[in-house]
Amino acid sequence: MTGPTNNTLGWMLDEVLKVPQARHAILLSADGMLRAFSKDIDRDDAERLAAGLSGVQSISRSTAEFCGSAHTPWRQTMIEFAHGYVFLVAAGEGAYLAVSTGEDVDMEAVTYRMHKLVDRLGKELTSPARQDTGSPA
């Protein structure tokens, strides 16, 4: 997985943006850390949005019982705004892919590309929980 200061997977996120009206893409960890971002969003905005979207994912997961069981796995959240959408999908253990779009986007094409990207990257998108790196006492 990419570290917090490098964006080696950013070019792969740009592939999702080939759908007309797709705007930005970010890869984030469950704890809100930015892992990669597409070319047309700056790092500060991407980091701020990663933090917010990790909360969206957490809230979405907490409503699983509304679909039948509290243990139903979360897969995707879509948020609709007056002029566009945000799609957020699971991208491996502890990793999430988010894409923003305009209002006239082909939703099926965007989600298809997102899932193909997740499949293509496989283990590179996995972001396990951070471990305590302090020295032993």
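What follows is a dialogue between a learner and a teacher about reading a predicted protein model.

Me: Before I look at details, how far can I trust the model, and where is the confidence low?
Reply: This is a predicted model, and the confidence score belongs to each residue. Over the protein chain the pLDDT averages 86, and 85% of the residues score at least 70. Over residues 1-5, however, the pLDDT is below 50, although this stretch has 17 contacts in the model beyond near neighbours in sequence.

Me: Which elements make up the chain, and in what order do they run?
Reply: The protein chain has three helices and five strands, and from the N terminus on they follow one another as α-β-β-α-β-β-β-α. The order along the chain can then be set beside the order in the sheet.

Me: In what order do the strands lie in the sheet, and is the pairing parallel or antiparallel?
Reply: Strands of a sheet pair through backbone hydrogen bonds, and the pairing can be either parallel or antiparallel. Here the five strands form an open sheet in the order β2-β1-β5-β4-β3, and the pairing is antiparallel. At the edges are β2 (34-37) and β3 (76-81), each of which pairs on one side only, and from one strand to the next the twist averages 15°.

Me: How many bridges join the strands β1 and β5, and which residues could I look at as an example?
Reply: β1 and β5 are paired over seven bridges in the antiparallel sense, and one place to look is L28, whose bridge partner in β5 is Y96. On the way to the β3 edge, β4 and β5 are also antiparallel and joined by seven bridges, with L88 having A98 in β5 as its bridge partner. Six bridges then join β3 to β4 (residues 84-90), again antiparallel, and here I79 is matched with V86 in β4.

Me: What links these strands along the chain, and how many residues lie in each turn?
Reply: Two hairpins can be followed here. The hairpin from β3 to β4 passes through two residues, while the hairpin of β4 and β5 has four residues between the strands, and G92 in that turn has a positive phi of about 115°. A positive phi also appears in a residue other than glycine, namely Q21, at near 80°. Q21 is in the loop between α1 (10-16) and β1 (22-29), and it counts as partly exposed because its relative accessibility is 37%, which falls between the cut-offs of 20% and 50%.

Me: Are the faces of β5 covered or open?
Reply: In a regular strand the side chains alternate between the two faces of the sheet. In β5 both faces are covered, with A95, L97, V99 and T101 buried on one side and Y96, A98, S100 and G102 buried on the other. Take S100 as a case: it counts as buried because its relative accessibility is 16%, which is under the 20% cut-off. Leaving out residues up to four places away in sequence, S100 touches Q21, A22, R23, H24, Y85 and V86.

Me: Where do the helices α2 and α3 lie in relation to the strands?
Reply: Helix α2 (residues 43-61) lies across β1, β2, β3, β4 and β5, at about 70° to β1. Helix α3 (residues 107-121) lies across β3, β4 and β5, and its angle to β4 is about 30°. Within α2, D44 counts as exposed because its relative accessible area is 58%, over the 50% cut-off.

Me: Which residues of the largest nonpolar core touch the most other members?
Reply: In soluble globular proteins, nonpolar side chains tend to be buried together. The largest core here has 23 residues, of which L13, L97, V99, V110, M114 and L117 touch the most other members. The elements giving two or more residues to this core are α1, β1, β4, β5 and α3, and α3 gives the most, with five residues. For M114, the contacts beyond four places in sequence are V16, F87, V89, L97, A98 and V99. There is also a second, separate core of 13 residues, which includes I26, F37, A46 and L88.

Me: What share of the whole chain is buried?
Reply: Of the 137 residues in the protein chain, 41% count as buried. The chain exposes about 8200 Å², and carbon and sulfur atoms supply 52% of that area.

Methods:
Residues are numbered from 1 along each chain as its sequence is written. Side-chain values use heavy atoms; hydrogens and water are left out. Buried means under 20% relative accessible area, exposed over 50%, partly exposed in between (1.4 Å probe, protein chains only). Accessible areas come from the Shrake-Rupley method with a 1.4 Å probe; for residues, only the protein chains shown count as cover. pLDDT is the predictor's confidence in each residue, from 0 to 100. Contact means heavy atoms within 4.5 Å. Two strands pair if DSSP finds at least two bridges between them. Axes are lines fitted to C-alpha atoms, for helices over the stretch in contact, and angles run from 0 to 180 degrees between N-to-C directions. A nonpolar core is a set of buried Ala, Val, Leu, Ile, Met, Phe, Trp, Tyr and Cys residues joined through side-chain atoms within 4.5 Å.
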